[in-house]
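Thanks for making the time this morning. I would like to walk through one model with you, element by element, so please have a look at it before I go on.

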Amino acid sequence: MKDPAEGRLSFTELFDLPVAVDLRTAARALGIGSTTAYRLIREHEFPCPVLRIGRRYRIPTNELMRALGIEDRPLYSVDPDENTDDPSVGL
């Protein structure tokens, strides 16, 4: 079985998300598999509000960020832990 954390979104990917994301993307951000995500929705236990649009699920990105404990978006969507030799980064 594949480890869901291996497909987890990077810092930059997380902050470049659109206003709402599909269930698989939200599951990746949360570090869970899509099967677990669907089960949590069925059990009304998904960690943030879920919109059902037709046969698809959409998760508002701002609610997903709150579920991840991220209240504010950074000024720049650059990973602060990323090592770089460019002295202009971070200015």
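Just after α2, Gly31 takes a positive phi of about 75°, and I start there because this is a predicted model and I would like us to go through its backbone with some care. The helix that ends before this glycine is mostly covered, with 6 of the 8 residues of α2 buried, namely Leu23, Thr25, Ala26, Ala27, Ala29 and Leu30. What do the buried residues of α2 pack against? They pack against α1, β1, α3, β3 and α4, and I would ask you to keep that list in mind while we place α2 in the protein.

The order of elements, read from the N terminus, is α-β-α-α-β-β-α, which comes to 4 helices and 3 strands. Of the 91 residues in the protein, 27% are buried, and the protein exposes about 6800 Å², with carbon and sulfur atoms supplying 50% of that area. If we take the contacts with a separation of 6 or more, 51% of them are between residues 24 or more positions apart.

Let me move on to α3, which spans 34–42, and to how it sits against α2. The axes of these two helices, α2 and α3, come within 9 Å and cross at roughly 105°, and with 65 to 115 degrees counted as roughly perpendicular, α2 and α3 are therefore roughly perpendicular to each other. The contact is made from the α2 side by Leu23, Arg24 and Ala27, and from the α3 side by Ser34, Ala37, Tyr38 and Ile41. Of these, Leu23 and Ala27 are also among the buried residues of α2.

Within α3, the buried residues are Ala37, Leu40 and Ile41. Seen down the axis of α3, these buried residues fall within an arc of 100°, so they line one face of the helix, whereas Thr35 and Arg42 are exposed on the other side of α3. The buried residues of α3 pack against α2 (23–30) and β3 (56–60), and β3 is also one of the elements that the buried residues of α2 pack against.

Which residue takes a positive phi just after α3? That residue is His44, with a phi of about 55°, and here, unlike at the glycine, we have a positive value in a residue other than glycine. Most residues other than glycine have a negative phi, so this is a place where I would invite you to look at the backbone yourselves. His44 is found in the loop between α3 and β2 (51–53), and His44 is exposed, with a relative accessible area of 71%.

I turn now to the charged side chains, where the count comes to 2 salt bridges. Side chains of opposite charge can pair when their charged atoms come close. One pair is Glu43 and Arg39, whose side chains meet at 3.2 Å, N to O; Glu43 is partly exposed, with a relative accessible area of 42%, and Arg39 is partly exposed as well, at 34%. The other is formed by Glu63 and Arg66, with the closest N and O atoms 3.1 Å apart. Why are Glu63 and Arg66 separated by about one helical turn? The reason is that they are 3 residues apart in helix α4, which covers residues 61–67. Glu63 is partly exposed at a relative accessible area of 24%, and Arg66 is partly exposed at 43%.

Two further residues deserve a word before I stop. Leu17 lies in the loop between α1 (11–15) and β1 (20–22), and is Leu17 buried or exposed? Leu17 is buried, because its relative accessible area of 14% falls under the 20% cut-off. The C-alpha atoms of Leu17 and Thr61 are separated by 7.0 Å, although the two residues are 44 residues apart along the chain.

Ile70, by contrast, is partly exposed, with a relative accessible area of 21%, and its place is in the segment after α4. Leaving aside residues up to four places away in sequence, Ile70 touches Leu14, Phe15 and Met65.

Conventions
Residues numbered from 1 in each chain as written. Predicted model: local features only at pLDDT ≥ 70, side-chain atom pairs only at ≥ 80, totals over all residues. Heavy atoms only, no water. Buried < 20%, exposed > 50% of the residue type's maximum accessible area, 1.4 Å probe, protein only. Contact = heavy atoms within 4.5 Å. Areas by Shrake-Rupley, 256 points an atom, 1.4 Å probe, with all protein chains shown as cover. Salt bridge = Lys/Arg side-chain N within 4 Å of Asp/Glu carboxyl O. Arc of directions from axis to C-beta. Axes fitted to C-alpha atoms, helices over the stretch in contact; angles between N-to-C directions. Parallel < 35°, antiparallel > 145°, perpendicular 65-115°, else oblique.
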